[in-house]
Amino acid sequence: MKMVKSTLAILTTAAALGLSGMAHAGATLDAVKNKGFVQCGVSDGLPGFSFTDSKGEYKGIDVDVCRAVAAAVFGDASKVRFTPLTAKERFTALQSGEIDVLSRNTTWTSSRDGGMGLMFTAVTYYDGQGFLVNKKLGVKSAKELDGATVCIQAGTTTELNLADYFRSSGMKFTPITYSTSDESAKSMEAGRCDVLTSDQSQLYAQRIKLAKPDDYVVLPEVISKEPLAPAVRRGDEDWFTIVKWAQFAMVSAEEMGLTSANVEAQAKDSKNPDVRRLLGTDGEFGKDLKLPKDWALNIVKQVGNYGEVFERNVGMGSDLKIKRGLNALWNAGGLQYSPPVR
């Protein structure tokens, strides 16, 4: 009898935990719907990723990810508000519930994924750490930086990567840390350090903000893997899935040739079953995600496919002029890949 009672107690506890988990799932989505907008944490000013233009409007890849989530949930990409955050502030803001999603050029790592109460969704930009130097130094390679003074932003993965690279290369350096990426770049420009290190995307973004950007060059070496991805709080699988599939929808749309200009026509006329499922013409696949039938159509129509988002923000149609590289689609030599809608 004791064994039976013990077993029943275990089953009862497991059932209660299961019901508790079910009740908690979707809590963020419910809260977002109740307040009528997505609260998105972004950087405190990084061209190409999240920054305000001359009209005070937020622009960038990270911004467009948040707009895509809003388009999926509300059918309106404008229903999003932005919270600018420094590298030190970003995780606390997400953990505390101040923001619903962190979309702030943040590297997906094991310690962040497993030990900080958050989950990363899908890689929006494959990056790697590099170095920016003034051409007058005559440096052509990172291997020539022995003894350099290096400006670096505090609270980022770049500090460990930098130390690892110099140690493994048998070189020495002197770090000077700053709270923001802008402070780091201005210090290098003022001559307080020899080199600025960060993700290459950030280096290109900081370069165009300098008084004489043509005087500076990004060195060819890439010393780390930096997959940048949005993050959400752990424990809400419904919200995690929605943010993840907002990115996947943009990638799938590019692969299928769907653009902001043609997506409505394709939803009506396409005979391609993959297109019809993605855009909600066939099936009820939005229901599985707790989204409207036309969730992906709204993303592509209002925000664009991944290629459109990349090109206007950081690609050849932008001031940064960054080539697609690893961020090309999987069938064009890159790493961007989406699971199917079916």
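## Internal cavities

The largest cavity has a lining of 15 residues, and those lying nearest its centre are Arg90, Asn105, Thr156, Asp199 and Gln202. The model described here is a predicted one, and the space in this largest cavity comes to about 130 Å³. Counting cavities of 30 Å³ or more, the structure holds 5.

Among the residues nearest the centre of the largest cavity are Arg90 and Asn105, whose numbers fall in the 25–123 segment of domain 1, and also Thr156, Asp199 and Gln202, whose numbers fall within 128–224, the range of domain 2.

## Domain arrangement

The domain assignment of the protein divides it into domain 1, made up of two segments, 25–123 and 228–330, and domain 2, which covers 128–224. Between the C-alpha centres of domain 1 and domain 2 there is a separation of 29 Å.

## The interface between the domains

The size of an interface is often expressed as the accessible area that is lost when the parts come together. For domain 1 and domain 2 the area buried between them is about 1300 Å², with 60% of it on carbon and sulfur atoms. By class, the side of domain 1 that touches domain 2 comprises 7 nonpolar, 5 polar and 6 charged residues.

In terms of contacts, 18 residues of domain 1 meet 15 residues of domain 2. Although charged residues are present on the domain 1 side, the rule finds 0 salt bridges across the interface of the two domains, and it finds 1 residue pair in polar contact there, with both residues at pLDDT 80 or more.

Note on methods: Residues are numbered from 1 along each chain as its sequence is written. This is a predicted model: local features need pLDDT of at least 70, side-chain atom pairs count only at pLDDT 80 or more; totals for chains, interfaces and linings use all residues. Side-chain values use heavy atoms; hydrogens and water are left out. Domain bounds come from an automatic or database domain assignment. Contact means heavy atoms within 4.5 Å. Buried area is the accessible area (1.4 Å probe) that two parts lose on being put together, summed over both. A salt bridge is a side-chain nitrogen of Lys or Arg within 4 Å of a carboxyl oxygen of Asp or Glu. A polar contact is a pair of N or O atoms within 3.5 Å; within protein, one must be able to donate a hydrogen and the other to accept it, and residues adjacent in sequence count only if both atoms are side-chain atoms. Ala, Val, Leu, Ile, Met, Phe, Trp, Tyr, Cys and Pro count as nonpolar, Asp, Glu, Lys and Arg as charged, and the others, Gly among them, as polar. On a 1 Å grid over the protein atoms alone, a cavity is a set of points where a 1.4 Å probe fits but cannot get out, and a pocket is an open set with protein on both sides within 12 Å along at least five of seven lines; lining residues have an atom within 4 Å of a point. Grid points are joined across faces, edges and corners, and a volume is the space filled by probe spheres set on the points.
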